[in-house]
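Trainee: Please take me through one part of this model at close range. I would like to see how the pieces around it fit together.

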Amino acid sequence: AMVTSPKTMPADGTVADLRATFANPHVMSALLVDGSAFVGLVDRDSLRDETSDGQPARSLVRRDVATIDPDAPLAEALATLDEHAERRLVVLDRDGRTLRGLLCLTSDRNGFCQS
């Protein structure tokens, strides 16, 4: 169910880079990474029209996102998504830093997003 190669964006990107990412209407969040290390997530809704294109994308990042270990059972992942009222769950290695993937529910929460 996990997307093993989610679309990511370098953590040193800009708001202009975020705008380009969000030009795809199916992209609801941007995963910022420094190499393979997860830095945080930027939701489409947090990007305002008045935000300068040159502003660092990192300034809009959310670090308080729900995460899970790649070996966790799917039932635990679904429970975490429900508990946090989220549709996306960042999958991090046991080191708590290395991005392994993304678990994403469809808008009706009846299936999983595909890569």
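**Strand 3 and its surroundings**

Mentor: Happy to. Strand 2 (residues 29-34) and strand 3 pair in the antiparallel sense, with six bridges between them. Two strands count as paired here if DSSP finds at least two bridges between them. The strands themselves are DSSP runs (E, at least two residues), as are the helices (H or I, at least four residues), and both are numbered from the N terminus. Before we go further, keep in mind that this is a predicted model: local features need pLDDT of at least 70, side-chain atom pairs count only at pLDDT 80 or more, and totals for chains, interfaces and linings use all residues. Residues are numbered from 1 along each chain as its sequence is written, and side-chain values use heavy atoms, with hydrogens and water left out.

Now for the pairing itself. Strands of a sheet pair through backbone hydrogen bonds, either parallel or antiparallel. To find one point of register, look at L32: its bridge partner in strand 3 is G40. The surrounding sheet is open, has three strands in the order 1-2-3, and mixes its pairing senses. Strand 1 (8-10) and strand 3 (37-43) are its edges, each pairing on one side only. Neighbouring strands in this sheet are turned by 35° against each other on average, direction ignored; the axes behind that angle are lines fitted to C-alpha atoms, and angles run from 0 to 180 degrees between N-to-C directions.

S29, in strand 2, is a good residue to display next. With 11% relative accessibility, S29 is buried; that label means under 20% relative accessible area, while exposed means over 50% and partly exposed lies in between (1.4 Å probe, protein chains only). Leaving out residues up to four places away in sequence, S29 touches F22, L41, V42, D43, R44 and R88, where contact means heavy atoms within 4.5 Å.

One of those neighbours, D43, takes us to the charged groups. Side chains of opposite charge can pair when their charged atoms come close. D43 and R62 form a salt bridge, with their closest N and O atoms 2.5 Å apart; the criterion is a side-chain nitrogen of Lys or Arg within 4 Å of a carboxyl oxygen of Asp or Glu. Because D43 belongs to strand 3 and R62 to the loop between strand 3 and strand 4 (67-68), this pair ties together parts that are 19 residues apart in sequence. Both partners are partly exposed, D43 at 24% relative accessible area and R62 at 25%.

R62 also forms a salt bridge with D64, at 3.4 Å between the closest N and O atoms. D64 is exposed, at 63% relative accessibility. D43, R62, D64 and E86 are linked in a network of salt bridges, and the whole structure has seven salt bridges.

The other contact of S29 worth following is R88. R88 has C104 as its bridge partner in strand 6. Strand 5 and strand 6 run antiparallel and are joined by five bridges. They form a hairpin with six residues between them, and G96 in the turn has a positive phi of about 75°. Five of the six residues of strand 6 are buried, so strand 6 is largely enclosed by the rest of the structure.
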